[in-house]
Amino acid sequence: MAGQQKDLYEILGVERSASQEEIKKAYRKMAKKYHPDVYKGADAEERFKEINAAYEILSDDQKRAAYDRYGTTDPNFGNFGGFGGFGGSTGGFGSIDDILNAMFGGAGASGFSSYGSSSRQSAGPIKGENISKTIDISFMDAIHGKTVQIPVDYDAPCEHCSGTGSENGKLKTCPNCHGSGVSVETVQTFFGQMRQESVCPECGGSGRVPEENCHVCHGDGFTRKHTELSVKIPQGIQSGARVRVAGKGLHGYNGGPSGDLHLTINVLPDKEFKRVGNDIYYTMPVQAVDAILGKTTEVPTVFGKEELTLPAGTQPDQRFRMKGKGVRTDHGTGDQFVTVKIEIPKKISETERELYEQIRGNQNSAPESPLDKIKGFFQKGNE
């Protein structure tokens, strides 16, 4: 590899202190993301080679130790013994081909092997790529659950050719891979000359192509469809949660199933209620006289109005718990917490002023408590 080499840890997106299990997980994620049959960027092949090369070293304890010590992957520098190809040790996690086969359905997809090896594996079914979409739902729909209509575009088998891609239904051996379903390319890497195998781009790994391309799908076998999907949003769903709709992603390869549609839920805020976990928080305005004397009042909840008794002498910002009046999910039910906000009137009537003046003037004239006096004055005024 010419020029300055990229850091192998950066290629896999892991820290230098990463464990072998973390390296393996990172490799699986990166290899799947940048697989040439999935990632369509111009640099797909080069990135995939880098990812495989990085894993080949970092998954082997001896090679990793040498790399950490010398900071290079040059097999002629330091003790990097055993770089003869990708068929060697991978730190007890199996070969790269094994991992790729597990991820891509046995496709041997763009895997590497030592040059001259006679090992060949025809491409197997490959699942199509998933599609992600974000949808907004109201706060109350998230609480109660709802079936929503989602407009989507997805790949469906071509009706004209029944998914064969052929105008007359006839297929022939693929001239590119000669029926093997696999394209083979010899490439030069810093490990030496390697053989790269990938799913044949002409036939998608099936080994056969249409004699004459279907005039509707142009030989692809699939057409883009638009539809409205009815998707059930479960009650109690949180913002950021995902709902999976099977089979509504991009079409698969070589008989593989279509990918899935992943809906990310964005719950819109509510003007009155706030959700924390499965609990609901609500701020209730209360008149000063009701806080002083106490009162049983109706309080809004996410499931309708419920009675709440405020004791005499309720204080500003005092919080009351309404058990079981929060969000209901399969994993339990939350509570509602009501915070009291005492409202002080800006304008009062002459009668009210006289009552307040009497309270203030008699605060020190009676042995009873100020609260009892206040309650007495208001009760007398209401008689």
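Here is a quick tour of this protein, from the overall numbers down to two sheets, a pocket and one loop residue. Keep in mind that the model is predicted. It has 383 residues, and 40% of them count as buried. The secondary structure adds up to 9 helices and 18 strands.

**The whole chain**

- If you look at contacts between residues with a separation of 6 or more, 64% of them link residues 24 or more positions apart.
- The protein exposes about 21400 Å² of surface, and 46% of that comes from carbon and sulfur atoms.

**The sheet built around β10**

- One open sheet has 3 strands, in the order β2-β10-β9, and its pairing is mixed.
- The edge positions go to β2 (131–137) and β9 (242–245); each has a single partner strand, so one side of each has no neighbour in the sheet.
- From one strand to the next, the twist averages 30°.
- On one side, β10 (residues 261–267) runs parallel to β2, and 7 bridges join the two.
- Two of the residue pairs to look for here are Ile135 with its bridge partner Ile265 in β10, and Asp136 with its bridge partner Asn266 in β10.
- On the other pairing, β9 and β10 run antiparallel and are joined by 4 bridges; Val243, for one, has Leu263 in β10 as its bridge partner.
- How much of β10 is buried? The count is 5 of its 7 residues, so the strand is largely enclosed by the rest of the structure.
- As background for reading pairs like these, side chains in a regular strand alternate between the two faces of the sheet.

**The sheet with β12 and β18**

- A second open sheet to look at has 4 strands in the order β11-β12-β18-β15, again with mixed pairing.
- Here β11 (273–276) and β15 (319–322) sit at the edges; each pairs with a single strand, so one side of each is left without a neighbour in the sheet.
- Ignoring direction, neighbouring strands of this sheet are turned by 30° against each other on average.
- In the middle of that order, β12 (residues 279–287) and β18 (residues 336–343) pair in the parallel sense over 8 bridges.
- To find your way along that pairing, start at Thr283, whose bridge partner in β18 is Thr339.

**The largest pocket**

- The largest pocket holds about 860 Å³ of space.
- Its lining is made up of 35 residues. Which of them lie nearest the centre of the pocket? Those are Pro201, Glu202, Cys203, Gly204 and Tyr253.
- Four elements each give at least two residues to the lining: α3 (44–58), β5 (182–189), β6 (192–199) and β7 (208–210).
- The largest share of the lining comes from β6, with 4 residues.

**A loop residue after β18**

- Ile348 sits in the loop between β18 and α8 (350–361).
- Is Ile348 buried or partly exposed? Its relative accessibility is 31%, and buried would mean under 20%, so Ile348 counts as partly exposed.
- Leaving out residues up to four places away in sequence, Ile348 touches Arg353 and Tyr356.

Key:
Residues are numbered from 1 along each chain as its sequence is written. This is a predicted model: local features need pLDDT of at least 70, side-chain atom pairs count only at pLDDT 80 or more; totals for chains, interfaces and linings use all residues. Side-chain values use heavy atoms; hydrogens and water are left out. Two strands pair if DSSP finds at least two bridges between them. Axes are lines fitted to C-alpha atoms, for helices over the stretch in contact, and angles run from 0 to 180 degrees between N-to-C directions. Buried means under 20% relative accessible area, exposed over 50%, partly exposed in between (1.4 Å probe, protein chains only). Contact means heavy atoms within 4.5 Å. Accessible areas come from the Shrake-Rupley method with a 1.4 Å probe; for residues, only the protein chains shown count as cover. On a 1 Å grid over the protein atoms alone, a cavity is a set of points where a 1.4 Å probe fits but cannot get out, and a pocket is an open set with protein on both sides within 12 Å along at least five of seven lines; lining residues have an atom within 4 Å of a point. Grid points are joined across faces, edges and corners, and a volume is the space filled by probe spheres set on the points.
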